[in-house]
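Reader: Please take me through this model, and tell me what earns each feature its name.

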Amino acid sequence: MANAPRPMFDTETLVINMGPQHPSTHGVLRVVLRLDGERVVDCDVVIGYLHRGIEKLSENRDYTQIVLLTDRMDYVAAATNNLGYCETVEKLMGLEVPRRAKYIRTILAELQRIASHNVWLGTHAMDIGAVTVFLYNIRERELILDLFEEYCGARLTYNSMRVGGLPLDIPAGWDRKVREFCRIQEEKLVDYELLLTHNRIWLERTRNVGVISGPDAIAIGLSGPPLRGSGVARDVRKDEPYAAYDELEFDVPVGATGDTYDRYLVRLEEFRQSIRIIRQALDGLPEGPIVGKVPRLIKPPAGETYHAIESPKGELGYFIASDGKSTSPYRFRVRPPSFCNLQALRQLVRGHLVADVVALIGSIDVVLGEVDR
Amino acid sequence: MVEAFAFYSLAAFILGFAVLVITARNTVHSVLFLVANFLFVAALYVVLHAEFLAVIQVLVYAGGIVVLYLFVVMLVNLKRPPEAHADPRRRGRLGLAVAGLLLAQLVAVLGYSATQAVPAAAAAATAPAGGNVEAVGWLLYTDYLVPFEVASMLLLVAMIGAIILAKREL
Amino acid sequence: MASGRLTKAAHGAAREGAARGDGAPPATEPGSGAEPRLNMIDIVIIPLLKIVIVFVAVLFGVAYLVLLERKVQAWVQVRLGPMRVGPHGVLQPIADALKLFVKEDITPARADKWVYTLAPMISLVPALIVFAVIPFGGTAHLFGKTVPLFVADVNVGLLYIVSVASIGVYGLILAGYASNSKYPLLSSLRASAQLISYEVAVTMTLVSLILMAGTLSMVGIVEAQRQAGLWYVFAQPLAFFIFLAGGLAETNRAPFDLPEAEQELVGGFHTEYSGMRFAFFFLAEYANMIVVSSVATTLFFGGWLAPFPNVHALAFLGLVPGWIWFLLKVFCFLYLFLWIRATLPRYRYDQLMRLGWKVLIPLAIANVIVTGAVKVLL
Amino acid sequence: MPDEPRPTPPAAARPVEKKIEAPSGPPDPPPPADLAPPAFVTAAQAALGGAITQLSYWVGDWTILTTPARLLDLARVLRDDPACRFDFCSDVTASDWPARESRFDVIYCLYSTRRRHRVRVKVRAADGEPVPSVSGVWPAANWLEREVWDMFGVNVVNHPDRRRILMPDDWQGHPQRKDYPLEGPGELLLEDPLEWLRLRNAQSTAEIE
């Protein structure tokens, strides 16, 4: 465009504010689009509308109190946030977590991944106009919420993990219900695929939309399914195993072209892999305590560490610095995957149409609670 | 009597809207008056028992071409003063010349039609029997074949020209 | 429903009306009557009654079409849909209408007020007056009177529909322009481009239909199908599919609901509208759906004709009044519309244009050429 | 939030900071003598020995400390050296140690998607001291550095787009600094400004006494 001959007509770009109140910006994201007709020339992503200062808050809370603050970040996958935080503190304190707790944590995290992907698939499909898929997905997510409700009594913000282990053992018969859920989810996956995977309109709307190559994706800091969609087989669960992932078998699906359709396929396959992990974990669920040897007062020695886990959105990292004297972290930092992935939006949407912008926001799968913290 | 009344009242509306088209300050309003104008012209055709023409008038002019006018008018930034035609005297002279030409043409047409009898075929076109679709089609492809083809050629040229103008890179 | 009330109203009038369902397309409008002596009942009251009945029936149908849409979508999506107002929500449309009536009518401060007010009407009026030429049935014989079940049979009926429908575009464009807001503006640009493009394709399919039937009259087309003993959907399947796609696009229905794509353009051209003006757009959209379904029924599915007239075992089907067949077929189309909406994602603007100009229009033109050639050769 | 009875003293009237013995920085313990540094550390040392001011090892994490002046050189080496290949910038963040002279630690968490190892790079910077932007090396650092600027006021220079990111553009101050007030004026300021003012004045006179 820059060195193209000047067009015969003077055209002006139209600046349009998409959000913060917009049906498909998944919360309070604001994207300032500069449009040439319907084509996006440039965009600026404005965030911070949901900024609650969770990092600052956490520096004035006990280590145990922070668990429930982490719930409020990625609120569609709260248990994953709990897991990442607890493991980071455990790493800082050198705590050993019992195997049974590790397994249950893994199950919870994978259920959460499925729930998060359900929300993602539903909203993503709805942004592209397939409203039915949304309701189907919410139906299955409801089952997961029921499972969580039975496990810890909460449906959205679970506060479901503790430093050093778990607050609760699984209730009797819960594992059977989880297995039943896995069966249902597997069946319903076929429904989603029938509605979307080979649908011509879906293919046209997602293929070659927002293509990003593997090296570009790494450079811009994409992680999780968007990165794997670009063909980079990076999964923290495999590369830096945590919880019980090193004892369980699963594949890391990768895409080929790095477009929206590949990201869709990768996440669909992750549904299946998550189900596979849950089944293995249930089969191999060891007996034993659910809490390790945790001091009454959680006060890690002075030092810093960074620990990352694979959240449904990507690499969820926690950086905690302890001064060794206080029961609150001196510095509490979250590396929010949504935040880092959202950064790529500008690069992805350039040259695409307005309709693709919503498809791409959906394809990145952002949760604004996590972006803004 | 009734027909004469209908004709003159419609004609008054047509003229009124035509005046509004050129006097309206807002270009979009101007285009809207043009649509109303075309609709009344269509009504006039109905009064003349030329339903086909009336419907085509609505379909092509009111429903098609003016929509494109509106499209363009909405997209063009109208707040900017026109630069190319800033010289008012030049505009005035050009306008006078065009008006004079138009007047001469109208006088010529009137004079010609006053001296000539209405062709039989044209009379058939307005006759209601058998639907005037066939009659119009018949006339177009026999007596007026050459003008018809020339007109379509002209439109084709215009279309290609428009595409070339609008396309940024060929 | 329509015919019963109609003929009851005409009770007592012994003279036969202008029966027009009998073959040759009539030359003049029904109002003028074929007979030299006219009386008030035939030229004024019956047409007026018909207009009122059609008008009321359409508005009623639109209201319940909205409910049907919500119900059908809900069933597809494992929900219940509206359940609160009346048993199974059957009074929901009335509640909605009441709500829209009493809702505050907001005009944005910097809107073009005249055009802003005018746009919903421009949108709704064409959608309603199109029903004038749609034949809901052949003729009804009741109480010694024969009444044609259509408001008017214009000899250019098909073109009338197309041309009046083309006026409806203005409502969308002007709404987008007059709101003085960016999303409606984008939407109205989409709407005008989309409707004009698909109008071309739809009109082209109609040309091949006209070639088959040899008339532009809606009644004449149904009669031609009866005489041929063939619904045109079987003779012109390609035209039917183009018409269906074009019809979806012209009514802004999924998967072509770009001008009001909620997820992209918030509400599209009616983003700034509220209250009755919003209701007008809503009514217009659903009325247009009924129009497209009616036209499709008339052109491709034999209008009010009963199916299988040549199968003796199914002759009893002919006992059902024509208008019931007509409504049934229209209902099937409407259901299809709703079903498609619940199933398919939305096209993108450029893909829509590509489909229209590079697929549908060439196909429609080819279809016209082939139809013409076959017609000439046979 | 603790449940306090309704007539709360205005929050701003309280002392801005609790008196805690301010730690003077993270320990950054050196690696144990018997632990051989991994290949990427030795490679970086070989390529750019002078840039590395200190090495640290704690609970399995390697940290390389450097100076703002040499940060970009080190970043390029870490990204491009065949033994390092840190192509993925996980995180850029900072921590504030007001008791120290150069109060900020700017921390870069790096990961290599090819070699699958991690390292942290840490730079100490005083308030206002320019820290070069690494967004030219890792584009991912763009927003992260904006956040560091927004939250800490670390003077990130040569950044392509240095604006606030989470806070509004016209915000005053940098919330994550340790000396930033923890609570705002509270609701009383909105409900009854005069009462708020009276209480605040009473508080400040009490402090003087």
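**Where chain A meets chain D**

Reader: How many residue pairs are in polar contact across the interface of chain A and chain D?

Author: The rule finds 27 such pairs across the interface of chain A and chain D, both residues at pLDDT 80 or more. A polar contact is a pair of N or O atoms within 3.5 Å; within protein, one must be able to donate a hydrogen and the other to accept it, and residues adjacent in sequence count only if both atoms are side-chain atoms. Strand E4 (residues 303-311) of chain A gives the largest share of the side of chain A that touches chain D, 5 residues. Helices (H or I, at least four residues) and strands (E, at least two) are DSSP runs, numbered from the N terminus.

A word on the ground rules: this is a predicted model, in which local features need pLDDT of at least 70 and side-chain atom pairs count only at pLDDT 80 or more, while totals for chains, interfaces and linings use all residues. Residues are numbered from 1 along each chain as its sequence is written, chains are lettered from A and ligands numbered from 1 in the order in which they are written, and side-chain values use heavy atoms, with hydrogens and water left out.

Reader: What makes D:Glu147 and A:Arg333 a salt bridge?

Author: The term asks for a side-chain nitrogen of Lys or Arg within 4 Å of a carboxyl oxygen of Asp or Glu. For D:Glu147 and A:Arg333 the closest N and O atoms are 3.0 Å apart, so the pair meets the rule. The count across the interface of chain A and chain D is 10 salt bridges, and over all chains it comes to 67.

Reader: What area is buried between chain A and chain D?

Author: About 4000 Å², with carbon and sulfur atoms giving 54% of it. Buried area is the accessible area (1.4 Å probe) that two parts lose on being put together, summed over both. A:Lys56, A:Glu304 and A:Tyr330 supply 18% of what chain A buries against chain D, more than any other three residues. By contact, meaning heavy atoms within 4.5 Å, 45 residues of chain A and 50 residues of chain D take part.

**Pairs within chain A**

Reader: Why is A:Glu55 called buried?

Author: Buried means under 20% relative accessible area, exposed over 50%, and partly exposed in between (1.4 Å probe, protein chains only). A:Glu55 has 3%, so the label fits. A:Arg331 has 2% and is therefore buried too. Their side chains meet in a salt bridge (3.3 Å, N to O). The pair links distant parts of the chain, 276 residues apart: A:Glu55 is in helix H1 (residues 54-58) and A:Arg331 in strand E6 (residues 331-335).

Reader: What makes A:Glu180 and A:Arg183 partly exposed?

Author: A:Glu180 is at 36% relative accessibility and A:Arg183 at 37%, so each falls between the two cut-offs. They form a salt bridge at 2.7 Å, N to O. Both lie in helix H6 (residues 174-196) of chain A, 3 residues apart, about one turn of the helix.

**Helix and cores**

Reader: How do you know that the span of helix H4 of chain A agrees with its length?

Author: The expected span is 1.5 Å times one less than the number of residues. For the 29 residues of H4(A) (residues 99-127) this gives 42 Å, and the end C-alpha atoms are 41 Å apart, which agrees. In H4(A), 26 of the 29 residues are buried.

Reader: Which residues have the most contacts inside the largest nonpolar core?

Author: A:Ile47 and D:Tyr108, in a core of 84 residues. Such a core is a set of buried Ala, Val, Leu, Ile, Met, Phe, Trp, Tyr and Cys residues joined through side-chain atoms within 4.5 Å. Not counting residues up to four places away in sequence, A:Ile47 touches residues including A:Phe339, D:Trp143 and D:Ile165. A second, separate core has 81 residues, among them C:Leu65 and C:Trp231.

**Chain B and chain C**

Reader: How many salt bridges does the rule find across the interface of chain B and chain C?

Author: The rule finds 0 there, and 2 residue pairs in polar contact. Chain B and chain C bury about 2100 Å² between them, 79% of it on carbon and sulfur atoms. Helices H2 (27-47) and H3 (51-75) of chain B each supply at least two residues of the side that touches chain C, and H3(B) gives the largest share, 16 residues.
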